[in-house]
Structures are given as structure tokens and as C-alpha cells.
Amino acid sequence: MSEHEEERAAEAGPGARKLHRLDPRSLRGIAHPLRMRLLTVLRQDGPATASRLAEKLGESSGATSYHLRQLAAHGFVEDDPERGKGRERWWKASMDGMLFDESLYSDPDPAVRGAADLYLHEHATMHTQEVATWLGNQRDWPEEWRRSSDLSDFTLRLTAGQMYELNQKIHELIESYRDLEPAPGTEGSAQVRLHTHAFPRSTG
């Protein structure tokens, strides 16, 4: 979710995207920093081998192979037989996004509650890293892309219901742009990442 997507994903319309709703078992299967990074790369960049992922993430191919098998056991990734040749095994993401159920925070199993904490904190870390990468590389992009980017924050006084409604409207607006997506490789287009964070803060 992520974002995984991904990220906490919004419920999409019927037939729109294949989303995986996390349950206690699958949460424990994905709540690992390297597994979350592997799934993110496969979702964003497409199919890859364990060795290619290891090179990209600065890990050993043994580690990426092991964690890819664990992801497959929980239904997050699968073989891509159209690309595999001989002993070369290609992997692809088996879903477009994940849905995080808030009830996982109150699960009676402390291991599940701990996995929920790790999962969301790792998502926050990945968001921070993505923003830092953009800030470090933005001069490599044309001015129109730099001008179109955004790094804003807002403070509103809302009820919990109003905050939920606002989040739903933001998610719906973002989802509406999927119908406008140009084909991959279209000149003048690029993959764009959007993060949404909304939370109350104590003023006492």
C-alpha cells in the first residue's frame, strides 16, 4: 500500500483494480521491510528476476529469492511464465494495491498488532524516501514537471466524520484520473506518485 499503493488504498469501483484486503495472516506475510520494498518495485516497475531486484535494492540475490517466495506464499506475487527462460525465474505483482483494515490494530494477537505497526511505519518511511529522492533529483527534470509537482500541508479543524469524508473525496478524485492515463511510453508522460496523509494532532 501503498501506494501500498498503495499504501492505504481507497475502495475502487467494480472491476477497476485488483486490491488485496489484508487479514492477520497476510499482514504478517507482508510486514517486513524488504518484502514491502520488493512488492513496491514490482508494482511500480513491472516484472523482474530476484537477481535484478537484488541489484536494484542493494541486497543479495539469496535474500530477494527467499522473500519473493514468502510473498508468493501469501499471494502478493506470482511467476511471470511469459518472461521466464530456462532457469531464470521472473516475478510479478499479483495485485494493484492493498487495503488496510483498522481492526488489525485491535486484533487479540499481539503479533498481529506489532505487524500492523511495522507495516504502517514502513509505509511512512518509504514515502519519506520517495520525497527525498524527488528533491534530490528534481533538477534532472524539465521545468514543466518541477512546476507541476507539489509538497504542501494544510491544517483544518474537522470532526472524525468530516476527515473520513474528505479522504474519500480525495481518493475518488485520484481514481478518476485512471481513465485518463496515457499508454506506457507515451511521449510527455511519466509515472506519478501521490501520497495522502491525514491525521489529528493534539494541541494541548
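Student: Is the crossing of α3 and α4 left-handed or right-handed?
Tutor: The model is predicted, with local features needing pLDDT of at least 70, side-chain atom pairs pLDDT 80 or more, and totals for chains, interfaces and linings using all residues. Numbering starts from 1 along each chain, and side-chain values use heavy atoms, without hydrogens or water. A clockwise turn of the near helix from the far one, by less than a right angle, is right-handed. The crossing of α3 and α4 is right-handed.

Student: At roughly what angle do the axes of α3 and α4 cross?
Tutor: The axes (lines fitted to C-alpha atoms over the stretch in contact, N-to-C angles from 0 to 180 degrees) come within 8 Å. They cross at roughly 115 degrees.

Student: Which residues of α4 make the contact with α3?
Tutor: Contact means heavy atoms within 4.5 Å. From α3 come A50, S51, L53 and A54. From α4 come S61, T64, S65 and L68.

Student: Which helix supplies the largest share of the largest nonpolar core?
Tutor: This core (buried nonpolar residues, under 20% relative accessible area with a 1.4 Å probe, joined through side-chain atoms within 4.5 Å) has 29 residues. L22, L27, I30, F76 and Y119 have the most contacts inside it. α1, α2, α3, α4, β4 and α5 each supply at least two residues. The largest share, 6 residues, comes from α2.

Student: How many helices and strands are in the chain?
Tutor: Helices are DSSP runs of at least four residues (H or I), strands of at least two (E). Along the sequence the pattern is β-α-α-β-α-α-β-β-β-α-α-α. The chain has 7 helices and 5 strands.

Conventions. Buried means under 20% relative accessible area, exposed over 50%, partly exposed in between (1.4 Å probe, protein chains only).
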